[in-house]
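Take a look at the sequence and the model below. The topics are the ligand site and the internal empty space.

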Amino acid sequence: MKKLYFGSNLKMYKTIRETTEYLISLASLTGDISREEIELFIIPSYTSLERASAAIDHNLIKLGAQNMCWEEQGQFTGEISPLMLQEAGLDLVMIGHSERRHVFRETDEEENRKVKCALEHGFTALLCIGETAEDKKYGAGPEVLRMQLKKGFYEVDPSHIGKIWVAYEPVWSIGVSGTPASADYAEKMHKEIKQCLLELFPEQGAGIPVLYGGSVNPGNAEELIVQPSIDGLFVGRAAWQADKFNTLIRSAMKAAGR
Ligand code: PGA
């Protein structure tokens with residue numbers, strides 16, 4: 001049986017204290033679920049990372065950063081180095097979240113440098129991709145996703161594949177004004193993504209988990225997780241209360257026959 005992935009990006013929410021309380025509560029609520037069956041990860045703000053990392057058992061909850069510079073040090077005011085994230089004891093780095101791409105204008109070339117740097121420093125690299133509403137209108141979603149994958153994973157050494165995760169998050173589905181993708185649409189795009197990953201990495205591509213994100217909520221989590229090409233759920237707002245996220249994880253697991 002495949003492992004199911006559940007994670008949340010806390011964006012620019014929660015103070016250090018709130019983050020630590022949330023993580024302790026989530027670890028305790030989900031502590032009885034076998035980590036052979038699920039991978040649970042949370043991506044808090046930079047300032048919370050050090051305290052959060054010390055406060056939780058990383059076997060229960062993996063911790064990630066929301067972004068990272070591609071250089072170890074230098075004249076990059078406002079950026080965070082992979083060495084600094086290593087110091088905080090992190091497991092993964094998220095790269096190319098829709099808000100980074102669209103609010104902060106990050107490019108595929110930059111995401112590629114970050115992916116390679118994250119992998120070289122031993123982190124799991126979670127690359128986020130997704131088409132805009134306009135791309136979708138023109139039926140160009142699959143091409144856009146392929147472009148983001150091809151550029152994002154350009155010259156990535158196949159020996160790192162075990163540490164690559166992908167999150168498919170259509171831009172039009174994210175946040176308070178987003179509309180969740182239907183399970184059928186999400187499955188169609190996940191199939192495209194998996195096909196492209198196989199073309200990029202013929203030997204190992206099939207093992208890369210692909211998570212769906214974008215307005216995941218208690219009403220759609222079950223129909224999404226049962227899709228054959230969806231390996232997990234990347235949840236925003238619906239995960240930011242530990243008890244609600246715990247309930248969502250359990251109902252999704254049940255729907256998936258666990
Ligand atoms: P949302 O956020 O679930 O609140 O739409 C998803 C995301 O940005 O990862």
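This report covers the ligand first and the cavity second.

**Ligand site**

The model is predicted. The ligand sits in the largest pocket. Around the ligand are Lys 11, His 97, Glu 169, Ser 173, Ile 174, Gly 175, Gly 214, Ser 215, Gly 236 and Arg 237. Sorted by class, this shell has six polar, three charged and one nonpolar residue. Ile 174 is the nonpolar one, because Ile counts as nonpolar.

Three side chains place a polar atom at these distances from a ligand oxygen atom.

| Side chain | Distance to a ligand oxygen atom |
|---|---|
| His 97 | 2.8 Å |
| Glu 169 | 2.5 Å |
| Arg 237 | 2.6 Å |

How much of the ligand does the protein bury? On its own, the ligand exposes 280 Å², and the protein buries 99% of that.

**Cavity**

Rolling a probe the size of a water molecule over the atoms shows where empty space is left. The count is one cavity of 30 Å³ or more. The largest cavity has a volume of about 40 Å³. Its lining consists of Gly 96, Ser 98, Arg 101, His 102, Cys 128, Ile 129, Gly 130, Glu 169 and Val 171. By class, the lining has four polar, three nonpolar and two charged residues.

Which elements supply at least two residues each of this lining? They are helix 4 (98-102) and strand 5 (124-129). Helix 4 gives the most, with three residues.

Glu 169 appears in both places: it is one of the residues around the ligand, and it also lines the largest cavity.

How values were computed: Residues are numbered from 1 along each chain as its sequence is written. This is a predicted model: local features need pLDDT of at least 70, side-chain atom pairs count only at pLDDT 80 or more; totals for chains, interfaces and linings use all residues. Side-chain values use heavy atoms; hydrogens and water are left out. A residue is near a molecule or strand if one of its heavy atoms lies within 4 Å of it. A polar contact is a pair of N or O atoms within 3.5 Å; within protein, one must be able to donate a hydrogen and the other to accept it, and residues adjacent in sequence count only if both atoms are side-chain atoms. Accessible areas come from the Shrake-Rupley method with a 1.4 Å probe; for residues, only the protein chains shown count as cover. On a 1 Å grid over the protein atoms alone, a cavity is a set of points where a 1.4 Å probe fits but cannot get out, and a pocket is an open set with protein on both sides within 12 Å along at least five of seven lines; lining residues have an atom within 4 Å of a point. A molecule sits in a cavity or pocket if more than half of its atoms lie within 2 Å of its grid points. Grid points are joined across faces, edges and corners, and a volume is the space filled by probe spheres set on the points. Helices (H or I, at least four residues) and strands (E, at least two) are DSSP runs, numbered from the N terminus.
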